[in-house]
Amino acid sequence: MTRSIDYDLMRLLHGELPADEARTLRARIFTDPELAQAYRRLESTWQGLSLPPASPVPPGFAGRVMARVKSKPAASLSWSAAPGWARATAAAALLVGATLGIGVGRRWPAPARSVDQGSEASQTFLSATAETSLADSYWNLVEDVATGDAAEAQP
Amino acid sequence: MATDSATSAASDPGWESLARVAAGDAAAFAPLVESHQERLLHLCERLLGDAEEARDAAQEVFLKAYRKAGAVRPQGQVYTWLYRIAVNHCLNKLRRRRLVRFLRWDDPEERQAPAFDPPDAGADPAAALDARRRWQATRRAIARLPENQRSVLVLVRFEGLSYKQVAAVLGITEGAVESRLFRAMRRLESAQEAEGSRVSLEEAKP
């Protein structure tokens, strides 16, 4: 079976094939067992993909977003406004920091969590959460500086 | 599904809100959050596989949108732009997650499948178990896809976007969407076959 037919079968499955082409292909599928089998396999893979229903919007979500938005003026949040040399210097500094961080992290990996360790486990969890949060902020900064968010400025 | 077109910017009132935000009116951002929060939360959850993490991610996406309000050029629908920010943000989070695992020497297989919501208590237990098994298999399969294929698959399969809409969100051609989706389908076919063998083996155990 050619690659083109495979693509057409996928387009048909996703409703992306123009109506007349879809009609022709359906007729072919009806008479060609090999094509019919290929389509069924594709359909079965697609329909087999299943995820639980997405969680509902948590109450007060929009309010929390707006509280964060209002806590800082828009300009102070943006690295895009910074001059190029400042962004380049910051990016270099952050890259050095990341490299050092990777080295340190590899030498001292975090202790494994255990449900049997009671309060000790809670403390480990709390420190891991704080670490993740700090890491998230750090990488947000790295990405903002490195990309300048230019691509996302274009819709 | 959102309507698609080479829609004029004027038809989406979200651009007007963003223009007001750019002019210093922070409150003008509220209607935008209200109208897009559900879709963005769902998208983040689909991409990250974790509701808690998705909430944080969606908040960050809105903050990014807020600070970019002055730089964006109104074109098409606002949701397309928001989706693009969300996809980039979630993919970055996934990269970071992998890096953290690497730093901690975690076993990637062990942490591949995130926690699951319990199935509906009123449902048939066998059906619930089956559904849960399919969710787990789907999440595992999606998690193993390369990023570019994963985002296309989630947008088409779970967000119901057309190829054209996905192309607009990701800033790629429709041909690229098709090609990534096709390669994802091939990988998923293999994964489902392997999963089927695994389930059969587990069921055969005494």
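This report describes the overall make-up of chain B, then one of its helices, and then two of its cysteines.

The structure is a predicted model, and in it chain B contains eight helices and zero strands, so that, read from the N terminus on, its elements run α-α-α-α-α-α-α-α. Of the 206 residues in chain B, 51% are buried, while the surface that the chain exposes comes to about 9,500 Å², with carbon and sulfur atoms supplying 52% of that area. Among the contacts in chain B with a separation of 6 or more, 68% are made by residues that lie 24 or more positions apart.

Helix 7 of chain B, which spans residues 163-170, is mostly covered, since six of its eight residues are buried. The buried residues of this helix are B:Tyr163, B:Gln165, B:Val166, B:Ala167, B:Val169 and B:Leu170. After helix 7 comes B:Gly171, a residue whose phi is positive, near 70 degrees.

Why is B:Cys44 not bonded to the closest cysteine sulfur, in B:Cys90? A disulfide needs two cysteine sulfur atoms within 2.5 Å, and because the sulfur of B:Cys44 is 3.7 Å from that of B:Cys90, the two are too far apart for a bond. B:Cys90 is likewise in no disulfide, and the count over all chains comes to zero disulfides. The table sets out how covered these two cysteines are.

| Residue | State | Relative accessible area |
|---|---|---|
| B:Cys44 | buried | 0% |
| B:Cys90 | buried | 0% |

Terms used:
Residues are numbered from 1 along each chain as its sequence is written. Chains are lettered from A and ligands numbered from 1 in the order in which they are written. This is a predicted model: local features need pLDDT of at least 70, side-chain atom pairs count only at pLDDT 80 or more; totals for chains, interfaces and linings use all residues. Side-chain values use heavy atoms; hydrogens and water are left out. Buried means under 20% relative accessible area, exposed over 50%, partly exposed in between (1.4 Å probe, protein chains only). Helices (H or I, at least four residues) and strands (E, at least two) are DSSP runs, numbered from the N terminus. Contact means heavy atoms within 4.5 Å. Accessible areas come from the Shrake-Rupley method with a 1.4 Å probe; for residues, only the protein chains shown count as cover.
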